[in-house]
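Work through the exercises below with the structure open. Try each task before reading its solution.

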Amino acid sequence: MQKLIILKSRAIPLPVENIDTDQIIPARFLKSIDKSGFGNNLFRDWRYNVHTNEENPDFVLNNKKYSGEILVAGNNFGCGSSREHAAWALTDYGFKVVVSSFFADIFKGNALNNGLLPVKVSEEFLKEILKESTENPEHEITVDVEKQTITFKNKTENFELDSYKKICLINGYDDIDFLISKKQTIHEFELKKHKVYEN
């Protein structure tokens, strides 16, 4: 996974509440266990006409004035099924951060396991970001993982982040990478334990 320490990016606003995992990546695209390629079908039924496969010009991902590595969505993002493919689709598309005022717990865990940072903000701050990002898409958001802060214009809020996942994001580790990074420490512990048993 890529390191995520400080991200400064424009945002893509998606002011829709209760976006579930089937809307993020429809069930019919869950046939692969390879994480790549899912970004093509991110929000598929919103991005394209189901019958003609033509782009929906009214959907934000098809509007060229919006771009960035940060998705700002309405309240209760990632509800529904536990499919990890939702996180895969978002990261494969190019998102590194999702901002909302509430995340479903399973989605939040899946996101963090795949290097995607869910940033929970207050409802007031979210409304401001959505409004300003929609009207002025050139505005940027700064997310500082070390300080656990998100800044938009002149306002900053802190967000919660599990200390273990924070280490993984900053270093670009998945769970196996983290264990490998502790190999020497584990080896030294085993040696000490072995000596205690010998005595």
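**Exercise 1. Count the aromatic pairs, then classify the one formed by Phe 77 and Phe 107.**

Start with the total. The structure, a predicted model, holds eight aromatic pairs. Now take Phe 77 and Phe 107. Their ring centres lie 5.2 Å apart, and pairing requires centres within 6.5 Å. The planes meet at 75°. Over 60 degrees counts as edge-to-face, so the Phe 77–Phe 107 pair is edge-to-face.

Next, place the two residues. Phe 77 sits in the loop between β2 (70-73) and α3 (85-93). Phe 107 belongs to helix α4 (residues 105-113). They are 30 residues apart, and the pair links distant parts of the chain.

Last, check accessibility. The cut-off for buried is under 20% relative accessible area. Phe 77 has 1%, so Phe 77 is buried. Phe 107 has 3%, so Phe 107 is buried as well.

**Exercise 2. Find which residues ring pairs link into a cluster, and which ring lies under the charged end of Arg 44.**

First, the cluster: Phe 43, Trp 46 and Phe 59 are linked by ring pairs. Then the charge: the end of Arg 44 sits over the ring of Tyr 48. The distance to the ring centre is 4.3 Å.

**Exercise 3. Describe the setting of Lys 65: buried, exposed or partly exposed?**

Locate Lys 65 first. Lys 65 lies in the loop between α2 (44-47) and β2. Its relative accessible area is 44%. Buried ends at 20% and exposed starts over 50%, so Lys 65 is partly exposed.

Now list its contacts. Leaving out residues up to four places away in sequence, Lys 65 touches Arg 10, Thr 134 and Pro 137. For a distance check, take Leu 7, which is 58 residues from Lys 65 along the chain. The two C-alpha atoms are 20 Å apart.

**Exercise 4. Give the strand order of the sheet, and explain why β4 and β7 each have one side without a neighbour.**

Read across the sheet. Seven strands run in the order β4-β3-β2-β1-β5-β6-β7. The sheet is open and its pairing mixed. β4 (117-120) and β7 (155-158) stand at the edges. Each has a single partner strand, so one side of each lacks a neighbour in the sheet. From one strand to the next, the twist averages 30°.

Zoom in on one edge. β3 (residues 97-100) and β4 run parallel, joined by four bridges. Val 98 has Pro 118 of β4 as its bridge partner.

Finish with the helix. α5 (residues 123-135) lies across six strands by name: β1 (6-14), β2, β3, β5 (140-144), β6 (149-152) and β7. Helix α5 runs at about 45° to β6.

Conventions:
Residues numbered from 1 in each chain as written. Predicted model: local features only at pLDDT ≥ 70, side-chain atom pairs only at ≥ 80, totals over all residues. Heavy atoms only, no water. Phe/Tyr/Trp six-rings, centres within 6.5 Å; stacked < 30°, edge-to-face > 60°. Helix = DSSP H or I, 4+ residues; strand = E, 2+ residues; numbered from the N terminus. Buried < 20%, exposed > 50% of the residue type's maximum accessible area, 1.4 Å probe, protein only. Lys NZ or Arg CZ within 6 Å of the ring centre and 35° of its normal. Contact = heavy atoms within 4.5 Å. Pairing = 2+ DSSP bridges. Axes fitted to C-alpha atoms, helices over the stretch in contact; angles between N-to-C directions.
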